[in-house]
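Hi,

Here is the structure I promised to pass on. My notes on it follow below; have a look and tell me what you think.

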Amino acid sequence: MKVTLRNFILIPLSFFLFIGMEHQANSQDLILKPDSLLMDVNYLEELMTSVHPGVYRYNSEEEVQQLFHSLRNRIKNRTLTEKEWMISLAQAVNNVKCGHTYLNPWNMKRSIRERLFGGAIYFPLGFQLIDEQLVVTENLSDEPSIRRGDVIKSINQIPSEQLLDSLKTIAKVDGDNRSPISDYLSLDEFGVTRWEAFDLYFHLFFGVDETFQVQVAHGTETKNYTFPALTKKDRMDRYKGKPLGRWDLTFDDTKAIMKLGTFATWNWKDFDHKAWFAESFQSIKDKNIETLIVDIRGNGGGLAEPRDELVKYLIKKELPCKNDNKVLIRTTKIDPSLIPFIDTWNKAILEGVPAAYYTKFEKDWYALKESLDCTTLYPKDLAFDGA
C-alpha cells in the first residue's frame, strides 16, 4: 500500500472526532449517560495524546491533562443531551488550537448528521462578521426590504454580541491566531456543499423551532422580521449567485480581481486548476491589465499544487526551494483497542505503517521518509508583469 503524505497528515487530525455519538437512538433529544460519556473521554484522550501530531504544539502535557480533567468534571454524575455533548466536545477539542481538529459533520455517521442537521434549521440571511457585527451579504428570505449592508442585531431575541460570545468558544484556529474567526463564523457560502459553523452551532447552542425572529438595522432604523427556517437544500436552491468558496476573476477598467476562496480543490468535479490559471492570465494579458489584486481572504489553505501554480504566474525570476522541514508522526500503528472507534479512508495507520516509510526521529516521534517534492518554481510565460 502506498502511503501518501497528505493522508498521513490528515488521518491523525480527523479520525477520532465525535466518538460520543456511538450511543445513538432515533430520539430527537437523545440522552447520553455519564458512564458512557466518561468512556468516550478516555478513548478520546488516548487517541489525542498517542496519535495527534500537534497535541503538544500549543499546550504542555499538564495543560492537555487539565483539558481532559475539565471535560470529565463537566460530565461527572450528569446526563447530557446529544447536542450538549457535541458542544462540550467541540469546546474541549478547540483548546488543542489546531485548525484541522474539530467536529466535522462529514466524519459523523450519516444517521447522526441527519438527526442533528438534516431538518429545517437553516438561516435565510447570509452575513459576514465585520467589526463584531453581522453584516448582511445575501437575502434569501421572502422579505425584499432587507439589503446588503444591513446589520443583524439579534436572532430569536438573542443579541448578536451574546451569539458571538458562544460561537467563539468553538471557532477553530491554529495557535493563538484569532484572525480567522470572523471568516469562520460568517455565513456566506450558500452555493457550496460544505457545512457552515454558524448553521451547526446556532442550532446546538440555542435551538431552532420552525422560525427565526430577526431584528435588522438599516442605518438608524430597526425592524423586526419573522422567517421560516429552511432546510439546507431549500436554501441552496434559493441561492442564485456564485459559490464564494470557488474561484472568480473579474475586471474593472485596468484592474483585475482574482478571488481564490480556497486551495482545497481536490473534490471539485471537472476542474483543472492549471487550465483555469492559464486561461485567466491569458485574459489578463489580452486586456492589458496593469493592476492585479489576488484576494485570498478567508482562504484556509488546501493543496500545495494550486498554490504553487499561482506563484509561477506572479514571480519574475526563479524561486529556489529551501524547504528542509521534516514531517513527523506520533505513532506508526494505532492501538488495536482503539480501532473500533476509528473510521479512516487509509488503513495503513491501522494495519501498521511499513518500516520502509519512516525512521525513528526522537522520543515519541517518527520521521516520514516520503515528503512533498521540494522543487524550484519558475515564472510562466504568461506571468503577470504589471503592478
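Helices α4 and α8 are oblique to each other, because their angle of about 120° falls outside the named ranges (under 35 degrees is roughly parallel, over 145 roughly antiparallel, 65 to 115 roughly perpendicular, and the rest oblique). Their axes lie 9 Å apart; axes here are lines fitted to C-alpha atoms, for helices over the stretch in contact, with angles running from 0 to 180 degrees between N-to-C directions. Helices (H or I, at least four residues) and strands (E, at least two) are DSSP runs, numbered from the N terminus. The crossing of α4 past α8 is left-handed, meaning that the near helix is turned anticlockwise from the far one by less than a right angle. On the α4 side, Lys 83, Met 86, Ile 87, Ala 90 and Gln 91 meet Tyr 201, His 203, Leu 204 and Phe 205 of α8, where contact means heavy atoms within 4.5 Å.

Before going on, some housekeeping. This is a predicted model, in which local features need pLDDT of at least 70 and side-chain atom pairs count only at pLDDT 80 or more, while totals for chains, interfaces and linings use all residues. Residues are numbered from 1 along each chain as its sequence is written, and side-chain values use heavy atoms, with hydrogens and water left out.

Now the overall picture. The chain has twelve helices and 14 strands. Of its 387 residues, 44% count as buried, that is, under 20% relative accessible area, with exposed over 50% and partly exposed in between (1.4 Å probe, protein chains only). If you take contacts between residues at least 6 apart in sequence, 71% join residues at least 24 apart.

Back to α8 (residues 197-206). Eight of its ten residues are buried, so the helix is largely enclosed by the rest of the structure. The buried ones are Ala 197, Phe 198, Asp 199, Leu 200, Tyr 201, Phe 202, His 203 and Leu 204. After α8 comes Gly 207, with a positive phi near 75°.

α4 has another partner in α5. The axes of α4 and α5 come within 11 Å and cross at roughly 105°, so these two are roughly perpendicular to each other. Glu 82, Lys 83 and Met 86 of α4 make this contact with Ile 112, Arg 115, Leu 116 and Phe 117 of α5.

One residue of α4 to click on is Ile 87. Ile 87 is buried, at 11% relative accessible area, and touches Leu 204 and Phe 205, not counting residues up to four places away in sequence. Between Ile 87 and Leu 167 there are 9.9 Å from C-alpha to C-alpha, although the two are 80 residues apart in sequence.

Which residues touch the most other members of the largest nonpolar core? They are Trp 85, Phe 117, Phe 123, Ile 152, Leu 185 and Tyr 201, in a core of 67 residues. (A nonpolar core is a set of buried Ala, Val, Leu, Ile, Met, Phe, Trp, Tyr and Cys residues joined through side-chain atoms within 4.5 Å.) Helix α4 (residues 82-94) gives the most to this core, with seven residues. Another core, of 16 residues, lies apart from it and includes Trp 247, Met 258, Trp 268 and Phe 277.

Phe 117 is in contact with Met 86, Met 108, Tyr 122, Trp 195, Leu 200, His 203 and Leu 204, leaving aside neighbours within four places in sequence.

A few loop residues too:

- Thr 101 sits in the loop between α4 and α5 (110-117) and is buried at 2% relative accessibility. The side chains of Thr 101 and His 52 share a polar contact of 2.7 Å (a pair of N or O atoms within 3.5 Å; within protein, one must be able to donate a hydrogen and the other to accept it, and residues adjacent in sequence count only if both atoms are side-chain atoms).
- Thr 265, in the loop between β10 (255-260) and α10 (273-286), is buried at 8%.
- Glu 132, between β3 (125-130) and β4 (133-139), has a positive phi of about 65° without being a glycine. Glu 132 is partly exposed, at 42%.
- Glu 210, between α8 and β7 (211-218), has a positive phi near 75° and is exposed at 62%.

Cheers
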